Amino acid sequence: MKPIRIALTKGRLENDSVEMFEKLGYDCTAVHEKGRRLILPVVGTNLEIVLAKAADVVTYVENGVCDIGVVGRDTIMEKGGTFYEVADLGFGKCRFALAVPKGVDFYEGYHTRCIASKYVNVAHAYFEKKNMDVKIVKIEGSVELAPILGLSDAIVDIVETGTTLKENGLVIAEYISDISARLIVNIASLKLRKAEIEPFITRIEDYLKERADA
Ligand code: PRP
């Protein structure tokens, strides 16, 4: 029978997800011994783990080639998409923030502000809500460089511990929103393979509830 495919965001969310699945009793040995393999079986079940980049997790789930996905709220906010977001998994916690060079007042003066970000849609939505006209420049990584080099007045980025900002002379000007890992499900899969998918989701929900009550 066709496996139920679960797309995990490679890296830290992958590790947290595998830890959660193991606590739920799923055998994730294949993931630990994956080498360069990207599709791994969960032995003794009809589940298969697919390792993908965050934005691709959304693409695979949205298109139904994966039934379930684990992806950060940051990616969901930036990319959007049509799927069910069924649970906040409580790990991968961080925040979106607007950060500026230390000592700078973001609102001082009348010039059009330039904002650098990997998350241009999130930045755009944030300033649109404020009714503020800004120029947004897409940066692919290490966004902290942009204001230091003089490309932008500020950045919109993910802050976890705050160390990267601090060590690069930046401070948080405003918090934008909380982020954490989410469980997403393909709309057709939940309908057509309900009997297989629902018990899996329920198991996760029970685990999250138990953890919250502990
Ligand atoms: C993220 C983010 C910050 C950093 C924040 O970058 O863009 O740079 O983590 O973490 P901290 O608050 O704990 O210091 P990531 O490591 O994903 O790499 P990137 O900059 O190349 O996107």
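The exercises below, each with a worked solution, concern the ligand site and the salt bridges of a predicted model.

**Exercise 1. Find which residues are around the ligand, and sort them by class.**

Solution. Begin with the residues around the ligand, which are K118, G141, S142, E144, D157, I158, V159, E160, T161, G162, T163 and T164. Next, sort this shell by class, which gives two nonpolar, six polar and four charged residues.

**Exercise 2. Determine which side chains have an N or O atom within 3.5 Å of an oxygen atom of the ligand, taking E144, D157 and T161 in turn.**

Solution. For E144, an N or O atom of the side chain lies 2.6 Å from a ligand oxygen atom, and for D157 the corresponding distance is 2.7 Å. For T161, a side-chain N or O atom is 2.5 Å from an oxygen atom of the ligand. With a cut-off of 3.5 Å for a polar contact, the distances of 2.6 Å for E144, 2.7 Å for D157 and 2.5 Å for T161 can each be checked against that limit. As for cover, the ligand taken alone exposes 500 Å², of which the protein buries 65%.

**Exercise 3. Locate the ligand among the pockets, and name the elements that give two or more residues to its shell.**

Solution. The ligand sits in the largest pocket. The elements that give two or more residues to the shell are β9 (154-159) and α7 (163-167), and of the elements β9 gives the most, with three residues.

**Exercise 4. Count the salt bridges in the whole structure, and place the pair R73 and E85 along the chain.**

Solution. A search of the whole structure finds 12 salt bridges. In one of them the side chains of R73 and E85 meet, with 2.9 Å from N to O. R73 belongs to helix α4 (residues 73-79) and E85 to strand β5 (residues 84-88), so that this pair, 12 residues apart, links distant parts of the chain. In general, side chains of opposite charge can pair when their charged atoms come close.

Conventions: Residues numbered from 1 in each chain as written. Predicted model: local features only at pLDDT ≥ 70, side-chain atom pairs only at ≥ 80, totals over all residues. Heavy atoms only, no water. Near = heavy atom within 4 Å. Polar contact = N/O pair within 3.5 Å; in protein donor to acceptor, adjacent residues only side chain to side chain. Areas by Shrake-Rupley, 256 points an atom, 1.4 Å probe, with all protein chains shown as cover. 1 Å grid on protein atoms, 1.4 Å probe; cavity = no way out; pocket = protein on both sides within 12 Å on 5 of 7 lines; lining within 4 Å. Sits in = over half its atoms within 2 Å of the grid points. Helix = DSSP H or I, 4+ residues; strand = E, 2+ residues; numbered from the N terminus. Nonpolar A, V, L, I, M, F, W, Y, C, P; charged D, E, K, R; others polar. Salt bridge = Lys/Arg side-chain N within 4 Å of Asp/Glu carboxyl O.
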